[in-house]
Structure formats: C-alpha cells, structure tokens
Amino acid sequence: MNQIQSYISEHKNRFLNELIELLKIPSISADSAYKNDVLKTAEAIKISLKKAGCDYVEICKTDGYPIVYGEKIIDSNLPTVLVYGHYDVQPPDPLNLWDSPPFEPVIKSTEKHPDGAIFARGACDDKGQMYMHVKALEFMTATNQLPCNVKFMIEGEEEVGSANLATFVKNNQEKLKNDVILISDTGMIANDVPSITTGLRGLSYVEVEVTGPNRDLHSGLYGGAVANPINVLTKMIASLHDANNHITIPGFYDNVEELSKEERAEMAKAPFSLENYKKALDIDAVYGEAGYTTNERNSIRPTLDVNGIWGGYTGEGAKTVIASKAYAKISMRLVPHQNWEEITQLFKTHFENIAPKGVKVNVKPHHGGQGYVTPIDNIGYQAASKAYQDTFGKTPIPQRGGGSIPIVALFEEELKSKTILMGFGLDSDAIHSPNEHFGIWNYLKGIETIPYFYKYFTELSK
Ligand code: BES
Ligand code: MN
Ligand code: MN
C-alpha cells in the first residue's frame, strides 16, 4: 500500500460519514421551498474546504445562490488548478419510486457496486464527486505534498442553468485565473474500463404552450368542430422527427460537425454491449436516428426530446372535455458548433410556422448552453491519463459524453483554459432518477486518483 492508499483506508469511515452528512441537506435549487437548505449546504462546504487546507475561503453572493470559493496558493510561479463542482441537486421526485428516502443516505451493495454504494439524491451528481476533491486536498495538505496552487469554485445553481455563475466568472477573471480547470461531474465506462470525458453536448430548453378556444369545452358539444390544443400539440411534436428520426427543423443540422470515418471507427473501439444496454433498461430494441450507432446517437449527434407534456383532465375516472390549453417542455441536446441561441430561435420560428389556424402558439425559451470538446493533445489530458494509469493500472479511453455542463464552454471563452472532465460515476448510478447512488469504490478511487493529476500536471508544466 502506498501513502495515499493507507491514508484513505485509515480515514475511510470519516470520508464516508462526512459525505453522508452533506447528502442529508436537501439542496434542491429548482424549488424555492428549499432555499435555507441550499444556503446551509454552501456554509457546510465552506467549512469543509477550510478544514481540508484552504488558506482562504469565501461565500460569494450572487443574484441567486452563492458560489463557494476557496484557495491555497503556495507559490505564484507554480501552476494553478481550478476545481469546479456543484452543491445543488435535482428535485427527487417521484418520491414513491425511491427504495429509501432521498435525503436519508443508506449504503447498499448492487451488482455494479459489490463494495457498496451510497443511495441519496446528489450522491453522484455532484456532491459525492465534488467532495472527492475536498478529501484529495485534505490528503495533499495533511501530508505536505500539494505540488501546485489550487482554487475551488463550487456553485449552487448548476441544475437550473448556472445563470449567475456566468456573471461571476466574467467579473472575477483575475481571482479565477488558472492553468487548467478540473471537474468531476461526469461518468466513466465501467470500474474496470476507465475513461475520461472529452466532450459535452450543448443544450436548448424550451417550453411551448398551445391555446385553442378561450375556455375548456364539452367534448360532445364542441369536439370535432374546433382545434383541440392537445391533439394539435401532439401532432406538431410528432412532425419534429421524420421517418428516419432526423429532426425536421429547417437549418437545425447546418453547423453540426460530421465526424470522419476514422474518428467514428476510433469511437467504436470503446467496449459496449448492446445486449447489456437493452437488458439494463428492459427494452427489446434501441431507437434513434438512422445511420448512427447507440454511442453516436447519445454523444456526437444532436437530439430533440419532450421532457414533459400536460393539459386537460388527468384525474381519476373520465371527464369529457376539450382543454383550452396544452403544454410541453422540450430539450434539444446540441453538439459543438451548434449555437444554442440560434437553435432556440430556429425552433421558435419553425414551431410558430407549423401551427395550424385555430390555435395560438407561445414558445418560451428556458436556458441553454454551448457544447464542448476537450482536445487530448494537451498536458491537462495527459496528466489525467497518467493519473488513471497509476491508480487503475490501465490507460483511460477518451469518450465524448451526452450530458451537458453549459458553463464549461464559457470557462474556455472567459478564462482561456481547458477543462479536464475526470468523472467517476457510472451511467447506471441513476443521476436525476429515483435511487441515485455512488459507488464507495468509485468515491475512494476518485480521492486516490486526483492527487496524481496534480503531480503530473505540475511536472508536465515545467
Ligand atoms: N453532471 C450533469 C451532467 C453530466 C452527467 C454530463 C453525466 C455528462 C455525464 C449535470 O449536473 C447536469 O445534469 N446537467 C444538465 C444541464 C443543466 C443545464 C441542467 C443536463 O445535462 O441535463
Ligand atoms: Mn452535475
Ligand atoms: Mn445534474
């Protein structure tokens, strides 16, 4: 056992208990009923950063939830790593589908996590992964081997679009100055197949409202004679994909980068079992854009999905009614070079154009952000790759991810530095879903791997 491994085994129970305490606070940024809990979480992180060895910590106010900042500057001539993470979590609903309450963490073992996993909202996304960095810092300062400077920026609004973080970053360029940004808020292929995320998709999120008659109507007296907003909305939504599942919005694909045959062949080398994929989701077939594999569909291709749809009567029994209004929430996952604001505008124009006479359409943009690709020919990626080689005994596979962390593109634009995405979660960890969990092995492996990143990044910077 080397030094970091023995430090981890000595402090393992405390590392778990500290994370469990953090997971007990319901820091749901989307729901204002939890405001005090979100603020309390920021306080808790500030204290833990200080304890872990930051010389300076601060709660930075914004127009929304605060950003926790911490730093340990040992020598201004040495490189600086900026760690980003988020302390807010997604709402836990539907609550009845959780096997244990979302904010009462429990440890259970699973097929993928035989050593146990912590079940709680935020366990993987992102409290558990963010806290690995706090504990890695604790190790490096306690044993006097932090090789460079470190800054932490932990926000509380990632799950609702990071609107105030953008302003904070723009206004604090000097404070946030760094040589590389390090984030653990993504996943890897499997515990025995380490991978580093090299891409994130962009996002455009919109809400649509279709209004027909000015009031709800008797479906016998008026049915068939006026536009039914729910019928119309579903018809409009269905028309957004063609028979090959291509998106039909004019101009939608204009800036989509087509990968070369070689790049696609390289991607296809990542281990993937379609059988296991289907089995895990209990589906008899996959579904998606013609001409692309499952891994391409969920990473290098843009998508359009209805996330929620409602209107009319959904209570018990039957009510014969034609609703006045119908609604849907729609997300579009974008790939690099697609501008999210442009895509939002294209969607709005198209949706208004395809609306039949007899209804009014209102498209309300929510939030969005640009996609991102990390090149692998830089010292940040190389340092991460070497770190995984030391702790996993294998070279990690570069892999583009399907999720979004919109702020990453802005980091590059404003701070001019590359982001390295060292994620230790698994796709099966159920982030945003009931029974979210994070493997204890993954948590400890992250803590073990991070200090090597600092070491190699500092060495490669010389
Ligand atoms: N950590 C996720 C993003 C993620 C997860 C990326 C796994 C890659 C792999 C993040 O917290 C998240 O949920 N992002 C949102 C976007 C945000 C604007 C709400 C998403 O991807 O839906
Ligand atoms: Mn996250
Ligand atoms: Mn998330």
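Which residues come nearest to ligand 1? In this predicted model, the answer is Glu-158, Asp-185, Arg-333, Ser-404 and His-432, out of 16 residues around the ligand. Let's start with that pocket and then move on to the two manganese ions.

**Around ligand 1**

The shell of residues around ligand 1 is a mix: five are nonpolar, six are polar and five are charged. Some of the polar contacts can be spelled out. On the side-chain side, His-86 has an N or O atom 3.2 Å from an oxygen atom of ligand 1. Glu-159 also puts a polar side-chain atom 3.2 Å from an oxygen atom of the ligand. Ser-404 makes its contact through the backbone, with an N or O atom 2.8 Å from a nitrogen atom of ligand 1. As for how much of the ligand is covered, it has 520 Å² of accessible area on its own, and the protein covers 87% of that.

Keep a few of these names in mind for the metals. His-86 and Asp-185 are donors to the manganese ion (ligand 2), while Glu-159 and His-432 are donors to the manganese ion (ligand 3).

**The two manganese ions**

Here are the two sites laid out together.

| Metal | Protein donors | Distance from the metal | Spacing along the chain |
|---|---|---|---|
| manganese ion (ligand 2) | His-86 (NE2), Asp-125 (OD), Asp-185 (OD), Asp-185 (OD) | 2.0 to 2.4 Å | H-x38-D-x59-D |
| manganese ion (ligand 3) | Asp-125 (OD), Glu-159 (OE), Glu-159 (OE), His-432 (NE2) | 2.1 to 2.5 Å | D-x33-E-x272-H |

Asp-125 turns up in both rows, and it bridges the manganese ion (ligand 2) and the manganese ion (ligand 3), which sit 3.6 Å apart.

What sort of geometry does the manganese ion (ligand 2) have? It is irregular, because the six donor atoms around this ion subtend angles of 56 to 166°. The site of the manganese ion (ligand 3) is irregular too, with angles of 56 to 154° among its six donor atoms. For six donors to count as octahedral, opposite ones must be over 155 degrees apart and all others between 65 and 115.

Now for where the donors come from. At the manganese ion (ligand 3), Glu-159 is in the loop between strand 6 (149-155) and helix 4 (163-171), and His-432 is in the loop between strand 17 (419-421) and strand 18 (437-439), so this pair ties together parts of the chain that are 273 residues apart in sequence. Are these two donors buried or exposed? Glu-159 is buried, at a relative accessible area of 13%, whereas His-432 is partly exposed, at 40%.

The manganese ion (ligand 2) has its donors spaced H-x38-D-x59-D in sequence. Its pair His-86 and Asp-125 also links distant parts of the chain: His-86 belongs to strand 3 (residues 80-86), Asp-125 to the loop between strand 5 (117-119) and helix 3 (127-142), and they are 39 residues apart. Both His-86 and Asp-125 are buried.

**Backbone oddities**

The bridging residue has something else to show: the peptide bond that joins Asp-125 and Asp-126 is cis, with omega about 0°. Asp-126 sits in the loop between strand 5 and helix 3. Another cis bond runs from Asp-93 to Pro-94, where omega is near 5°. Pro-94 is in the loop between strand 3 and strand 4 (106-108).

Which way does phi go at Ser-162, positive or negative? It is positive, near 55°, in a residue other than glycine. Ser-162 is in the loop between strand 6 and helix 4, and that loop also holds the metal donor Glu-159. Ser-162 is buried, with 5% relative accessible area.

His-337 is another residue other than glycine with a positive phi, this one near 85°. Its place is the loop between strand 13 (325-334) and helix 9 (340-353). Unlike the buried Ser-162, His-337 is exposed, at a relative accessible area of 55%.

**One last residue**

Phe-168 is part of helix 4 and is buried, with a relative accessible area of 8%. Between Phe-168 and Leu-460 there are 30 Å in space, C-alpha to C-alpha, and the two are 292 residues apart in sequence.

Terms used:
Residues are numbered from 1 along each chain as its sequence is written. Chains are lettered from A and ligands numbered from 1 in the order in which they are written. This is a predicted model: local features need pLDDT of at least 70, side-chain atom pairs count only at pLDDT 80 or more; totals for chains, interfaces and linings use all residues. Side-chain values use heavy atoms; hydrogens and water are left out. Donors are N, O and S atoms within 2.8 Å of the metal (3.2 Å for Na, K and Ca); water is not among the atoms, so sites may look incomplete. Four donors count as tetrahedral if all angles lie between 85 and 135 degrees; four count as square planar and six as octahedral if opposite donors are over 155 degrees apart and all others between 65 and 115; anything else is irregular. Helices (H or I, at least four residues) and strands (E, at least two) are DSSP runs, numbered from the N terminus. Buried means under 20% relative accessible area, exposed over 50%, partly exposed in between (1.4 Å probe, protein chains only). A residue is near a molecule or strand if one of its heavy atoms lies within 4 Å of it. A polar contact is a pair of N or O atoms within 3.5 Å; within protein, one must be able to donate a hydrogen and the other to accept it, and residues adjacent in sequence count only if both atoms are side-chain atoms. Accessible areas come from the Shrake-Rupley method with a 1.4 Å probe; for residues, only the protein chains shown count as cover. Ala, Val, Leu, Ile, Met, Phe, Trp, Tyr, Cys and Pro count as nonpolar, Asp, Glu, Lys and Arg as charged, and the others, Gly among them, as polar.
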